[in-house]
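Me: Please take a close look at one part of this structure for me: the metal site and the helices around it. Keep it brisk, and add whatever helix packing helps me set up the picture.

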Amino acid sequence: VWAAAAWLLADTNVPDDLRLPHVDPAGLVDPATLARAERYERFRRWDFVASQLVLFGVLAVYARHGARFVRESAAGRIGTGMLLGMLGLGFVWLAELPFRLAAIWWERRYDMTDAGYLEALFANWAQLGAEFLSVSLALALVMALAGRFRRRWWLAAAPAFVAIGALFAFVYPYLTTGAKPLRDPQLAAAVKSYEQREGVEGIPVRVEKVSDTTKAPNAYAVGFGPSRSVYLWDTLLDGRFSDDEVKVVIAHELGHHSRNHIPKGLAWYALLAFPGAWLIAIATRRRGGMAEPTAVPLGLLVVVALQFAAMPLENAVSRRMEAEADWVALEVSRDPSAAEGLFAGFTKHALAEPSPPRWERVLLGSHPAIVDRVAMARAWAARAGSR
Ligand SMILES: [Zn+2]
């Protein structure tokens, strides 16, 4: 059942016989920009690797010794577990702080942000708060279920987490406040026409102001059913990208909705939640299982390790969906040169490396590499020319 579901979910409407031509990164941007992007990304990559090593180190020490803090707590079984969870997160936050500061330093050096250190560090304080809250609520849920069902808690927890994930994915667009409707008449007209051609009418496309903290251009599609929405960052609309290039972005984001990528993402989450929860249950048994607060520090380590182990699969799924959204964008915008200009613009304006090393693409690549996205635009043009 698992394999059949995965096979069905992995299906896309990118033609199976599509052959991607080789794309030379040197042909996309000038040599100085290319070298600058490579230097910029190299530091960020090793900063990430180092922060992951420290993360695992801190969590391993905490898994070994964290249970000592239990004695000092009088918060009851679940309360103590939640406190241990918070404490673990706090250690992780502190341990990762130098790497986050280094990343901000680097971004400022390359003029990717104007924000000060404190500003950049706490720009997403709401997200940090939400992270702490969701981890403690998740712990409360798991510990309550483990208290009730003992060893079989994972059978109840996995569907509960999928339901919570679905609820969150549904309400997320309503939680994003302060975004403004897309006013540019030419772009608004493109939204209407693409929605009609992709069969997804009435999806609001809004503009989110992020230019205070970053210069990176971005856009995303969120929600499902009646909450489907598309957000464009204002950094995409500041004149660095042409209207035709922004239209490709709009077509791409609407493509995520027309191909049901958010519900499909939730289905993938369900496929991973069951074996994941089972592995957590197995791994924490020798600490008395997840019903015991003493198992919480080890539980945190196991969750982070599983998330890390699942990254190649998750990113492979994500890259397939992104490639499909690119394909949809090419089919409705019919403008491969604008698509190519957009992708090259990611290197020019966001210093994205066009052709990162293989291990990084496999482990961390949520999108196809820029050379592959350009290759698809060229492959589309070649097919359109021969049709
Ligand atoms: Zn996308």
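Reply: Start with two histidines. His252 and His256 both sit in helix 8, four residues apart, which is about one turn of the helix. Keep in mind throughout that this is a predicted model.

Both histidines are shielded. His252 has 6% relative accessibility, so it counts as buried. His256 has a relative accessible area of 8%, so it is buried too. The cut-off for buried is under 20%.

Now the metal. The zinc ion is coordinated by His252 through NE2, His256 through NE2 and Glu322 through OE. The distances run from 2.0 to 2.1 Å. Along the sequence, the donor residues follow the spacing H-x3-H-x65-E. Water is not among the atoms, so the site may look incomplete.

Next, the helix pair at the site. Helix 8 covers residues 243-258, and helix 10 covers residues 296-333. Their axes are 7 Å apart and pack at an angle of about 120°. That angle makes helix 8 oblique to helix 10. The crossing of helix 8 past helix 10 is right-handed. On the helix 8 side, the contact uses Val248, Ala251, His252, Gly255, His256 and Ser258. On the helix 10 side, it uses Met321, Glu322, Ala325, Asp326, Val328, Ala329, Val332 and Ser333. By class, the residues of this contact are seven nonpolar, five polar and two charged. The zinc donors His252, His256 and Glu322 are among the residues of this contact.

Helix 8 has another partner. Helix 11 spans residues 336-350, and its axis comes within 8 Å of the axis of helix 8. The two cross at roughly 90°. Helix 8 and helix 11 are therefore roughly perpendicular. Helix 8 contributes Asp244, Glu245, Val248 and Val249 to this contact. Helix 11 contributes Ala338, Ala339, Gly341 and Leu342. The classes here are five nonpolar, one polar and two charged. Val248 appears in the contact with helix 10 and also in the contact with helix 11.

For another packing geometry, turn to helix 6 and helix 9. Helix 6 is residues 153-175 and helix 9 is residues 261-283. Their axes come within 9 Å and cross at roughly 150°. These two helices are therefore roughly antiparallel. Helix 6 passes helix 9 in a right-handed crossing. Helix 6 brings residues including Trp153, Trp154, Leu155, Phe161 and Val162. Helix 9 brings residues including Ile262, Leu266, Tyr269, Ala273, Phe274 and Trp278. This contact divides into 19 nonpolar residues, one polar and no charged.

Ala273 of that contact also gives a long-range reference distance. Its C-alpha is 27 Å from the C-alpha of Trp125, 148 residues away along the chain. Trp125 lies in helix 5, residues 125-149. At 60% relative accessibility, Trp125 counts as exposed.

One more tryptophan is worth a glance. Trp46 lies in helix 2, residues 31-65. With a relative accessible area of 49%, Trp46 is partly exposed. Trp46 and Phe99 are 53 residues apart in sequence, with their C-alpha atoms 9.9 Å apart in space.

Back to the site, in brief. Buried His252 and buried His256 share helix 8. Together with Glu322, these histidines hold the zinc ion as its donors.

Definitions and conventions: Residues are numbered from 1 along each chain as its sequence is written. This is a predicted model: local features need pLDDT of at least 70, side-chain atom pairs count only at pLDDT 80 or more; totals for chains, interfaces and linings use all residues. Side-chain values use heavy atoms; hydrogens and water are left out. Axes are lines fitted to C-alpha atoms, for helices over the stretch in contact, and angles run from 0 to 180 degrees between N-to-C directions. Angles under 35 degrees count as roughly parallel, over 145 as roughly antiparallel, 65 to 115 as roughly perpendicular and the rest as oblique. A crossing is left-handed if the near helix is turned anticlockwise from the far one by less than a right angle, and right-handed if clockwise. Contact means heavy atoms within 4.5 Å. Ala, Val, Leu, Ile, Met, Phe, Trp, Tyr, Cys and Pro count as nonpolar, Asp, Glu, Lys and Arg as charged, and the others, Gly among them, as polar. Donors are N, O and S atoms within 2.8 Å of the metal (3.2 Å for Na, K and Ca); water is not among the atoms, so sites may look incomplete. Buried means under 20% relative accessible area, exposed over 50%, partly exposed in between (1.4 Å probe, protein chains only).
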